[in-house]
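Please take a moment to look at the chain from one end to the other before reading on. The paragraphs below go through its overall layout, its strands, its core, its charged pairs and its pockets, in that order.

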Amino acid sequence: MSRLILKRFLAFGLDYLIIIAYGGVLYGITTTMEVPGLSPLEGQLVGFIGLTLPVFLYFYLMEKSSSAATLGKRVMNISVQTYTENNCMRIFFRNILKFLPWEIAHLGVHWMIYYSGIDRAAPIWLWIALILPQIIVLGYFLSIVLYKGESSFYDKIANTRVVLS
């Protein structure tokens with residue numbers, strides 16, 4: 001395994017620890033509150049605003065900064081680079097593609113809870129919304145290995161790459 005692949009996976013692991021810590025704080029806050037039952041769409045909106053958007057902004061703002069790296073990438077001495085002008089839009093698009101499977105999975109979870117609560121079988125679209133993100137993320141991981149850590153499918157589409165700093 002190349003050094004860049006290992007550094008990239010370790011950087012993601014460090015960043016994920018930050019996400020887990022943030023999620024733990026959110027969980028602690030919400031378990032102390034009386035939260036009314038939410039519809040799947042309301043739950044999706046609350047989850048997006050409370051979790052997905054802050055995580056997306058962490059990655060986007062850190063990667064578009066002068067260091068071009070999240071905290072995990074900084075520790076591993078790697079950064080995100082673009083091949084063309086308009087770095088902010090490339091980094092924005094990169095992170096939308098990276099976190100889209102996560103948000104699709106959240107959609108599936110909210111609707112699965114809804115269908116379980118009304119004691120109805122989940123429709124096929126819901127199973128697709130739960131399985132498809134896992135396939136996409138597996139493809140992302142495999143593409144990182146295939147491109148020797150420098151790129152992934154979402155990097156190729158966004159015209160970005162990860163390099164040793």
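Read from the start of the sequence to its end, the chain follows the pattern α-α-α-β-α-α-α-β, and this gives a count of 6 helices and 2 strands. The model shown here is predicted, and everything said about it below is computed from its atoms. Along its principal axes the C-alpha trace spans about 50 × 35 × 30 Å, and of the 165 residues in the chain, 35% are buried.

The two strands are a good place to begin. Strand S1 covers residues 78-82 and strand S2 covers residues 160-164, and the two run antiparallel, joined by 5 bridges. Within this pairing, Val80 stands opposite Val162 in S2, which is a useful pair to find first when you trace the strands on the screen. S1 is mostly covered, since 4 of its 5 residues are buried. A further contact between parts of the chain that are separated in sequence involves Arg90, whose place is in helix H4. Although Arg90 and Thr160 are 70 residues apart in sequence, their C-alpha atoms are 6.9 Å apart in space. Arg90 itself counts as partly exposed, because its relative accessibility is 28% and the partly exposed class runs from 20% to 50%.

From the strands we can move to the nonpolar core. In soluble globular proteins, nonpolar side chains tend to be buried together. In this model the largest nonpolar core has 15 residues, and the members that touch the most others are Val55, Phe59, Ile78, Phe99 and Val162. Which elements each supply at least two residues of this core? They are H1, H2, S1 and H4, and H2 gives the most, with 6 residues.

Charged side chains are the next topic, and here the count comes to 5 salt bridges. A good residue to follow is Glu63, which takes part in a salt bridge with Lys73, with the closest N and O atoms 2.7 Å apart. This pair links distant parts of the chain, as Glu63 is in helix H2 and Lys73 is in helix H3 (residues 71-75), 10 residues apart. Both Glu63 and Lys73 are buried. Glu63 also meets the side chain of Arg94 in a salt bridge, at 3.0 Å from N to O. Because Arg94 lies in helix H4 and Glu63 in helix H2, this pair ties together parts that are 31 residues apart in sequence, and here too both partners are buried. There is also a salt bridge between Glu63 and Lys98, with an N to O distance of 3.7 Å, and it links helix H2, where Glu63 sits, to helix H4, where Lys98 sits, across 35 residues.

Is Glu63 buried or exposed? Its relative accessible area is 2%, so Glu63 is buried, given that the buried class takes in values under 20%. By the same cut-off, Lys98 is buried because its relative accessible area is 11%. Salt bridges that share partners join Arg8, Glu63, Lys73, Arg94, Lys98 and Asp155 into one network.

The last features to look at are the pockets. The largest pocket has a volume of about 590 Å³ and is lined by 18 residues, with Thr30, Gly43, Val46, Gly47 and His110 nearest its centre. Helix H1 (3-31), helix H2 (40-63) and helix H4 (87-117) each supply at least two residues of this lining. How do the residues of the lining divide by class, and which class is missing? There are 11 nonpolar and 7 polar residues in the lining of the largest pocket, and no charged ones.

The second largest pocket holds about 420 Å³ of space. It is lined by 19 residues, and those closest to its centre are Phe12, Lys98, Phe99, Val137 and Phe141. The elements that give two or more residues to this lining are H1, H4 and helix H5 (124-146). By class, the lining of the second largest pocket has 14 nonpolar and 5 charged residues, with no polar ones. Two residues in this pocket have been met before: Lys98 belongs to the salt-bridge network, and Phe99 belongs to the largest nonpolar core.

Technical notes: Residues are numbered from 1 along each chain as its sequence is written. This is a predicted model: local features need pLDDT of at least 70, side-chain atom pairs count only at pLDDT 80 or more; totals for chains, interfaces and linings use all residues. Side-chain values use heavy atoms; hydrogens and water are left out. On a 1 Å grid over the protein atoms alone, a cavity is a set of points where a 1.4 Å probe fits but cannot get out, and a pocket is an open set with protein on both sides within 12 Å along at least five of seven lines; lining residues have an atom within 4 Å of a point. Grid points are joined across faces, edges and corners, and a volume is the space filled by probe spheres set on the points. Ala, Val, Leu, Ile, Met, Phe, Trp, Tyr, Cys and Pro count as nonpolar, Asp, Glu, Lys and Arg as charged, and the others, Gly among them, as polar. Buried means under 20% relative accessible area, exposed over 50%, partly exposed in between (1.4 Å probe, protein chains only). Two strands pair if DSSP finds at least two bridges between them. A salt bridge is a side-chain nitrogen of Lys or Arg within 4 Å of a carboxyl oxygen of Asp or Glu. A nonpolar core is a set of buried Ala, Val, Leu, Ile, Met, Phe, Trp, Tyr and Cys residues joined through side-chain atoms within 4.5 Å.
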